[in-house]
There are 2 protein chains.
Amino acid sequence: MPQASETEVLVVSSQAIGGRLRRVTTAGAIYERLHANIVSLRMPPGMALQEKRIADDFGVSRTPVREALLRLSEGGLVDIYPQSGTVVSRVPVSAIPEAVVVRKALEGTTVEAAALLATAADIARLDAIIARQRSHAATGNASSFHEEDESFHEAIAQISGYPGIWVILKTVKVQIDRARRLTLPVLGRMDNVVHEHMIIRDALAAHDATAARDAMIHHLSAVIPDVDELRSRYPDYFC
Amino acid sequence: MPQASETEVLVVSSQAIGGRLRRVTTAGAIYERLHANIVSLRMPPGMALQEKRIADDFGVSRTPVREALLRLSEGGLVDIYPQSGTVVSRVPVSAIPEAVVVRKALEGTTVEAAALLATAADIARLDAIIARQRSHAATGNASSFHEEDESFHEAIAQISGYPGIWVILKTVKVQIDRARRLTLPVLGRMDNVVHEHMIIRDALAAHDATAARDAMIHHLSAVIPDVDELRSRYPDYFC
DNA sequence: TTTGGCATACTAGTATACCAGTTATCTCGC
DNA sequence: GCGAGATAACTGGTATACTAGTATGCCAAA
C-alpha cells in the first residue's frame with residue numbers, strides 16, 4: 001500500500017512553459033506522482049484507489065486529486081466506476097499487440113526521417129544515452145535503464161523533426177511498459193536492448209533510412225513481452 | 001458568440017459501456033458539446049471562454065465545465081492560461097504536416113491489415129458509406145459529408161482489427177479537420193474524395209494490401225489543406 | 001503627453017459541503 | 001441453515017465558497 005505512509009509534502013514550484021511562466025499546478029504534480037507510481041508498478045494493477053484517501057495522503061483536497069485521476073483514466077491507467085470505485089487498471093492484454101503495431105508504424109517513420117536528418121551532434125547524444133544505458137545494465141539498475149530507454153526513443157523522435165509523435169508514443173507505450181516491468185529483469189535482456197540500440201544508432205549515423213527502419217522494427221518485435229506467460233504468473237494484473 | 005443564447009438543457013441519459021451500465025456524466029456531455037462546437041468552428045480559434053459563463057449557459061456548476069475544458073486542453077483544442085483565461089486554441093500550423101505523417105503511418109497500417117481481413121459484409125458496409133457520402137456531396141451538405149468521411153476511415157480501422165488506432169487518429173485528425181472546414185467547400189473536392197474512397201474500397205475488396213496502402217497514402221496527401229493560403233485568409237485562426 | 005505604479009476587477013485553482021448512486025452487510029422470514 | 005430484502009456505509013459526481021494569481025485601466029508624477 002504505497003500511499004499508506006506517504007503524507008508527503010507536495011513541493012509546487014514554477015516552471016517556464018513555451019516562454020510563458022506557468023505555475024506547476026497541484027493537480028499536475030499529483031498526476032505525475034501517481035503516473036510514476038502506476039508505471040513502476042508500485043501501485044499494481046487492480047489496486048483500489050479512493051479520491052479521499054489520496055487527498056489526505058498528499059495533504060490536499062479532493063479536487064486536484066480528482067483532476068489527476070481523470071487524466072489518468074483518459075490514458076487508460078485507472079478505471080473509474082462512477083459511484084462505485086476507482087482502481088488501477090489491469091493491463092489490457094488485447095491492447096498490447098495493437099500498441100506494438102502502433103509503435104512499429106510510428107517509430108518506423110520517425111527513425112527513417114531521423115536517418116536523413118541526423119547530425120554528428122545528434123549521434124553523439126545517442127552515444128551518450130547508450131553509454132549510460134550500458135552502465136545501468138551492468139549494475140542491474142532496471143529503473144534507470146528504463147529512463148534511458150525512453151530517452152533514446154524520444155531523442156530519435158526529436159531528431160526526426162516530429163516531436164509530437166513522441167507524445168502519442170508515450171501514451172501508447174505505457175501499457176507495454178507495465179508488462180515489461182514484470183519481465184525485464186530476465187538476465188541478458190538489457191544487454192540485448194543495448195545492442196539493438198547500437199545497430200539503430202549505426203544506421204542513423206550512416207544515413208541509411210531503410211536499415212534504420214528494419215533495425216527499429218526488429219527491436220520493437222524483440223521487446224514484446226510474453227503476455228501468456230506473464231498472465232499465468234500474475235493473473236490479477238491482466239484482463 | 002454561440003454560447004450567448006444557448007441556455008440549453010443538458011439531457012443526461014444512460015448508456016451501456018462495456019457491459020457495465022454507466023451514467024453519462026454531465027462533464028462528459030458538456031465535453032461532447034464543446035468538442036463539436038470547436039471542430040465545426042462554431043466556436044472559432046481564438047475565441048475567449050470562461051468557465052463561469054459556460055456553466056451559466058448550460059445551467060450547471062463550474063465543476064463539470066472545468067473537467068470538460070481540461071479534457072479539451074489535453075486534446076489541444078483549448079489553451080488554458082492559469083489565473084488568466086481560456087481560449088479556443090489557434091490551429092498550430094506546425095502540427096499539421098506532422099499530423100498528416102501520423103495519419104499516413106497509422107492508416108497505411110490499418111488499411112493493409114484490412115485488405116487481408118475484409119469480408120464481403122465489410123465491403124458492403126463501405127459501399128453504403130460511400131453511397132451516402134456521394135449523395136451528401138451532390139447536395140453540398142458538408143457537415144454530413146464530414147461525418148461519413150469519419151465513418152469510412154473508422155470502418156477501415158475496425159476491419160483491420162485495430163480499433164484502438166482509431167482512437168489515436170481521432171485526436172490527431174482534429175486539427176487537420178478544423179483547417180479543412182475552412183477549405184472543403186471548394187468545388188469538386190468532395191467528389192474527388194468520394195472517388196479516392198472508391199479506389200481504396202476496390203483495393204480492399206481485391207485483398208491487395210499494397211494497392212490499398214498506396215491508395216490511402218495518396219488520398220491522405222490529397223486532403224492536406226493549403227495552410228499558407230488559409231493563413232493569409234484567416235490570420236487569426238492559426239499560430 | 002508619456003510613463004510608471006497601484007487599485008480593481010477579472011480569471012482559474014483549490015477547498016469544502018452536499019447529493020445520488022452502488023455495494024456489502026445484517027436482519028428477518030422461511 | 002439459508003436466501004431475500006432492507007439498510008447503512010461507502011463511493012464518486014456536482015454545487016458552492018474561497019484563494020490567489022493576472023490583466024487592465026486609471027491616476028499621478030515626470
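Colleague: Which residues come nearest to DNA strand C in this predicted model?
Modeller: In this predicted model, 23 residues lie around DNA strand C, where a residue counts as near if one of its heavy atoms lies within 4 Å. By class, this surface has 7 nonpolar, 11 polar and 5 charged residues. Of the 23, those that come nearest are A:T26, A:S61, A:T63, B:R62 and B:R66.

Colleague: Of the atoms of DNA strand C within 4 Å of the protein, what percentage belong to sugar or phosphate?
Modeller: Individual contacts can be looked at before the total: a polar side-chain atom of A:T26 lies 2.6 Å from a phosphate oxygen of DNA strand C, and an N or O atom in the side chain of A:S61 is 2.7 Å from a phosphate oxygen of that strand. From chain B, a polar side-chain atom of B:Q83 lies 3.0 Å from a sugar or linking oxygen of DNA strand C. Among the strand's atoms within 4 Å of the protein, bases make up the rest once sugar and phosphate are counted, and the sugar or phosphate share is 66%.

Colleague: Which element gives the largest share of the surface near DNA strand C?
Modeller: Both chains take part, since at least two residues each are supplied by α1 (26-39) and α3 (62-74) of chain A and by α3 (62-74), β4 (78-81) and β5 (85-88) of chain B. The largest share amounts to 3 residues, and the element that supplies them is α3(A).

Colleague: Which residue of chain A meets B:E67 in a salt bridge?
Modeller: Over all chains, a search of the whole structure finds 34 salt bridges. One of them involves the side chain of B:E67, with a distance of 2.7 Å from N to O. B:E67 lies in helix α3 of chain B and its partner in helix α3 of chain A, so the pair joins two chains. The partner is A:R66.

Colleague: Which strands of chain A stand at the edges of the sheet?
Modeller: In chain A, 3 strands form an open sheet in the order β3-β5-β4, with antiparallel pairing. Each edge strand has a single partner, so one side of it is left without a neighbour in the sheet. For example, β4(A) pairs with β5 (residues 85-88) over 4 bridges, and A:V78 stands opposite A:V88. The edge strands are β3 (48-49) and β4 (78-81).

Colleague: Where does α7(A) bend?
Modeller: Helix α7 of chain A covers residues 163-183, and its 21 residues reach 29 Å from first C-alpha to last, close to the 30 Å expected. The helix nevertheless bends by about 40°, and the residue at the bend is A:V174.

Note on methods. Residues are numbered from 1 along each chain as its sequence is written. Chains are lettered from A and ligands numbered from 1 in the order in which they are written. This is a predicted model: local features need pLDDT of at least 70, side-chain atom pairs count only at pLDDT 80 or more; totals for chains, interfaces and linings use all residues. Side-chain values use heavy atoms; hydrogens and water are left out. A polar contact is a pair of N or O atoms within 3.5 Å; within protein, one must be able to donate a hydrogen and the other to accept it, and residues adjacent in sequence count only if both atoms are side-chain atoms. Ala, Val, Leu, Ile, Met, Phe, Trp, Tyr, Cys and Pro count as nonpolar, Asp, Glu, Lys and Arg as charged, and the others, Gly among them, as polar. The expected span of a helix is 1.5 Å times one less than its number of residues. The bend at a residue is the angle between axes fitted to the seven residues ending there and the seven starting there. Two strands pair if DSSP finds at least two bridges between them. A salt bridge is a side-chain nitrogen of Lys or Arg within 4 Å of a carboxyl oxygen of Asp or Glu.
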